[in-house]
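I opened the model today to look up two things, the surroundings of the ligand and the pairing of a few strands. My entries follow.

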Amino acid sequence: MEPGPRRRRQSHQPVAAFLRDPSSGRVYRRGKLIGKGAFSRCYKLTDMSTSTVFALKVVPRAGRLPSRGKVEREIALHSRLRHHNIVAFHGHFADRDHVYMVLEYCSRQSLAHVLKARQTLTEPEVRYYLRGVIGGLRYLHQRRIVHRDLKLSNLLLNKKMEVKIGDLGLATRLGPGGRCHRVLCGTPNLLAPEVVSRKGHSCPSDIWALGCIMYTVLTGTPPFAAASLSEMYQNICDGHYPEPAHLSPNARRLIARLLAPDPAERPNLDHLLQDDFFTQGFTPERMPPHSRHSPPVFTFPQPLGSLFRKVGQLLSTQCGPPCPFTSKEASGPGEGPEPDSVDWGSEASLSERRAHCPQALVHLLTQGTLRSDPAGPQESPETEVAAAIRNLQLCLDAGPVATQDPPGGQQPPLWAPRWVDYSSKYGFGYQLSDGGSGVLFRDGTHMALRPPGSHICYLPTRGRLETFALRDVPRALGAKLAVLRLLTGYLQRRLREEGASPAPQPPAALGLCLLRFVGTSQALLLLFSDGTLQVSFGGLQTQLVLSGEGQGLLLTHWARGQPGASYSLGTLQRRECAPAALQHLRRTLHLLQSL
Ligand SMILES: Nc1ncnc2c1ncn2[C@@H]1O[C@H](COP(=O)(O)OP(=O)(O)OP(=O)(O)O)[C@@H](O)[C@H]1O
């Protein structure tokens, strides 16, 4: 995957089983061989007095190194560095045959090993690893040091799966012009155009390597891997690589920015984490060690409570038309865990959905649609989506954006402030702002609990409403009622914990139901039967609700804990809408159009 630098392999003298650092007096026991580089070998090493485990990098002293003083330069440079995302340097010594470097031990090997086992990584994982690499690289660049050999095998992982930049053998300080020697060093398929054309390495050359790394871990193949070196260098100089069409637009855009042929156009590390790829997607705080072998399923607390949401695998879970739930009837909650101890979806259900939906359009994580009556009029979910798109366009076409946020009205619409996606097992539960709740089940049916009389409203298919008093619910619906109660109880508990109470507003119509939900890495979109469209971005950071119709259209926008502001179509037409709300409208439109 990563052709190594064209360097001659060294023959190695055996390394003694016990080694003494003459300057510190420490005695070490050499352990097993953990890896081999072009000029070095790495062993596990234990400090005999403290039992601390290190990695020992051993470089032979024979006069066949690529350039004299290379190891000395590596030691001089590496020993002064101290950063959480750079392999720590603990000491060095030498004997007649070898130079030894005592390094922080990274027991989970490298990202090259992970990719070999996994073939590709998911976007949340890539965000997690890149964050660490960017942290370490920023530290180097701030000190005017370029790494010059960033590659997967030099991104090591410690026991906690924290990423550490290693192998500073080619790292060097920048010269006065922000560049260093015009030599062709590094790993050929990761060389930046300016390095290939011998203009010298600079900080953007490392950024280019980051682009190659990102591309490789997301697609499983490096962006530049032509049969001949000259063809590959030509592609590098032209910035010509196979378009990774199946990746999310944000991932593709960031790769294109990182792999800009002109170094001046590549993003600076200080701004990289502000890219949409990082800000609009979930980044795990930690990485489970098993993710070295299988895709992780992440769970994370929502701001409104410890809900768990499925973000395990972004990959190619992309569907065009809505994927039906499986026809399996929802089962009772007896055998399942509490919703706040479950993940959102499972790999099995994702691959199931992928098999159903070969077209790749939207980066979906989870979705569900209310079942249509096969004997009834052909209602397609696209009809509601098209209506929602029309409404969004009406708002967007209303007029130019106000230069500052106008005071919004306070007309809270009926919406779903809380939800829990338990669709991998039973269904998607939500609580309405009037205190009612509902579940769209995996089998495409819908059941709701409606205040004030606590009616149970059941829709076996779209348009067929059956209502029951709580005690009269037929036995056949007992399992679904149990799920509805389980999820409602859970959401009410959250409401109590937040100290919130339902808004005083007229209760929803008995037939109101959730027609469709779509979860992507960026947003959760809910479409109700009365045409209300609700979109939540970034967990619950920003919410947008579009309700009503025609001139009664109302846009309500909540941003980062601010009280909601509502805008009527008339207000929007008078050119008064918060710029942030319009921006979210555009993102919603984009999302809907890509369904
Ligand atoms: N600090 C460390 N902890 C654990 N393993 C390490 C550590 N440093 C290196 N290794 C392992 O040893 C291998 C050899 O590392 P080394 O830095 O000598 O060369 P390399 O970067 O893999 O190759 P090259 O020298 O060709 O660029 C690595 O691939 C890695 O698997």
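**Ligand site**

I looked up the 20 residues around the ligand (near means a heavy atom within 4 Å), and among these Ser40, Glu104, Cys106, Asn154 and Asp167 come nearest. I note that this is a predicted model, in which local features need pLDDT of at least 70, side-chain atom pairs count only at pLDDT 80 or more, and totals for chains, interfaces and linings use all residues. Residues are numbered from 1 along each chain as its sequence is written, and side-chain values use heavy atoms, with hydrogens and water left out.

For polar contacts (pairs of N or O atoms within 3.5 Å), I found an N or O atom in the side chain of Asn154 at 2.6 Å from a ligand oxygen atom, and a polar side-chain atom of Asp167 at 2.7 Å from an oxygen atom of the ligand. The ligand taken alone exposes 600 Å², of which the protein buries 91% (Shrake-Rupley areas, 1.4 Å probe).

I then checked the domains, whose bounds come from an automatic or database assignment: because domain 1 (18–104) and domain 2 (109–280) both give residues to the shell, the ligand lies between them.

**Strands**

I turned to strand S16 (residues 446–450; strands are DSSP runs of E, at least two residues, numbered from the N terminus). Of its 5 residues, 4 are buried (under 20% relative accessible area, 1.4 Å probe, protein chains only), so S16 is largely enclosed by the rest of the structure.

Strands pair if DSSP finds at least two bridges between them; I saw S16 joined antiparallel to S15 (residues 437–441) by 4 bridges and to S17 (residues 455–459), also antiparallel, by 5 bridges.

Conventions:
Buried < 20%, exposed > 50% of the residue type's maximum accessible area, 1.4 Å probe, protein only. Polar contact = N/O pair within 3.5 Å; in protein donor to acceptor, adjacent residues only side chain to side chain.
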